[in-house]
Amino acid sequence: MKILVTGGAGFIGSAVVRHIINNTQDSVINVDKLTYAGNLESLSSIESNERYVFEQVDICDRAELDRVFAQCKPDAVMHLAAESHVDRSITGPADFIQTNIVGTYTLLEATRAYWNTLSEDAKKAFRFHHISTDEVYGDLPHPDEVDSGEELPLFTEMTAYEPSSPYSASKASSDHLVRAWLRTYGLPTIVTNCSNNYGPYHFPEKLIPLVILNALEGKPLPIYGKGDQIRDWLYVEDHARALYKVVTEGDVGETYNIGGHNEKQNLEVVQTICGILDSLVPKESKYQEQITYVTDRPGHDRRYAIDSSKMQRELGWTPVETFETGLKKTIEWYLTNQEWCQHVQDGSYQRERLGVESPTTKEEV
Ligand SMILES: NC(=O)c1ccc[n+]([C@@H]2O[C@H](COP(=O)([O-])OP(=O)(O)OC[C@H]3O[C@@H](n4cnc5c(N)ncnc54)[C@H](O)[C@@H]3O)[C@@H](O)[C@H]2O)c1
């Protein structure tokens, strides 16, 4: 298969591209605009492979997308390109509306125009796989809101959409567009909604890499609010494997929830990172002493948790990494890849706090 991957220079996209090149015989056309979040260095291990091609293209640029489709003639699209950071969406929602909604619409239309030129067999075999987030579902009851012993609900594929942030609202819009293109035009689409990912090559604005790097540099480790927000963490390579299974074996029109069965409070995540660093890079004081509580994120969802039993039942996928094994691998990766970390922070972003109405000072963060 020839797979056109959008956002292949990003965190999850680069894991998907590496997975396909290293573990299958398929080819990849990586379509990426290279925003601050896109880094070709994340693909240096596979960039010279003859089954890999890079196209620096904005998914909002219809003419360029048409050119790439005509030239590369893909059998499937895996659509990951997006603005992905909730805090940035609070500070500046415009880019999220543009890329996540207008960009997805433009990509759907370019794909449809190309798909209409295919033979009936090729049209049937074609897949448009839209990669989305569990954040479209809004948040779930937190353990401190339910009676003890009461079972806590999980997001299923049937959960109604109730997004809270400009980011999740823009992703929800794009999910709706993708499903409409199947229903209206017959484009063979599949949607996946995944929980929080972590692992190597994660841009250091997100909680886990930010905490690792701040800890090593002796900087404060910011905890939003009380740090009791719960996320369901999935190791990025487990996600990449799941996505390849969906695009190759998933059923058209289906939605698949993907999660790690690893519900953790943010504070617990930060404390676990500190504990691992205490043993890997010991110093006089404990890393935990760097923890600092800062104003909570506006509209902060309290709990996400995924029921991924459909992925297991229908596609035989389960995550390989536990949170403990995945986190240790991640920390070891950041310790040995400091150069990557320096290169991706190009001077315009210094791990400062984003997404607050009246920003706190750098010292507070
Ligand atoms: N990170 C998570 O925990 C998570 C969880 C579930 C779902 N997702 C979804 O997975 C996808 C990938 O997430 P990520 O964390 O790898 O994001 P990321 O921010 O690390 O990477 C996004 C990539 O998209 C590219 N891009 C942005 N705008 C573009 C445009 N207009 N045209 C072409 N390329 C563009 C960027 O250059 C970058 O390479 C996103 O759609 C996101 O919503 C992420």
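A polar contact is a pair of N or O atoms within 3.5 Å; within protein, one must be able to donate a hydrogen and the other to accept it, and residues adjacent in sequence count only if both atoms are side-chain atoms. This is a predicted model: local features need pLDDT of at least 70, side-chain atom pairs count only at pLDDT 80 or more, and totals for chains, interfaces and linings use all residues. Residues are numbered from 1 along each chain as its sequence is written, and side-chain values use heavy atoms, without hydrogens and water.

**Exercise 1. Find the polar contacts listed here for the ligand.**

Step 1. Start with the backbone. An N or O atom of Gly 10 lies 2.9 Å from a ligand oxygen. For Ile 12, the backbone distance to a ligand oxygen is 2.7 Å.

Step 2. Turn to a side chain. An N or O atom of Thr 99 is 3.0 Å from a ligand nitrogen.

Step 3. Check the cover. On its own the ligand has 840 Å² of accessible area (Shrake-Rupley, 1.4 Å probe). The protein covers 96% of that.

**Exercise 2. Describe the shell around the ligand.**

Step 1. Count residues with a heavy atom within 4 Å. There are 29, and Ile 12, Asp 32, Ser 84, Tyr 167 and Lys 171 come nearest.

Step 2. Sort them. The shell has 13 nonpolar, 12 polar (Gly counts here) and 4 charged residues (Asp, Glu, Lys, Arg).

Step 3. Assign elements, as DSSP runs (helices H or I, at least four residues; strands E, at least two). α1 (11-23), β5 (127-133) and α6 (166-185) each supply at least two shell residues.

**Exercise 3. Lay out the sheet.**

Step 1. Pair the strands, requiring at least two DSSP bridges. The 7 strands form an open, parallel sheet ordered β3-β2-β1-β4-β5-β6-β11.

Step 2. Inspect the edges. β3 (52-56) and β11 (255-258) each have a single partner, so one side of each lacks a neighbour in the sheet.

Step 3. Zoom in on one pair. β5 and β6 (189-194) run parallel, joined by 6 bridges. Ile 131 stands opposite Thr 192 in β6.
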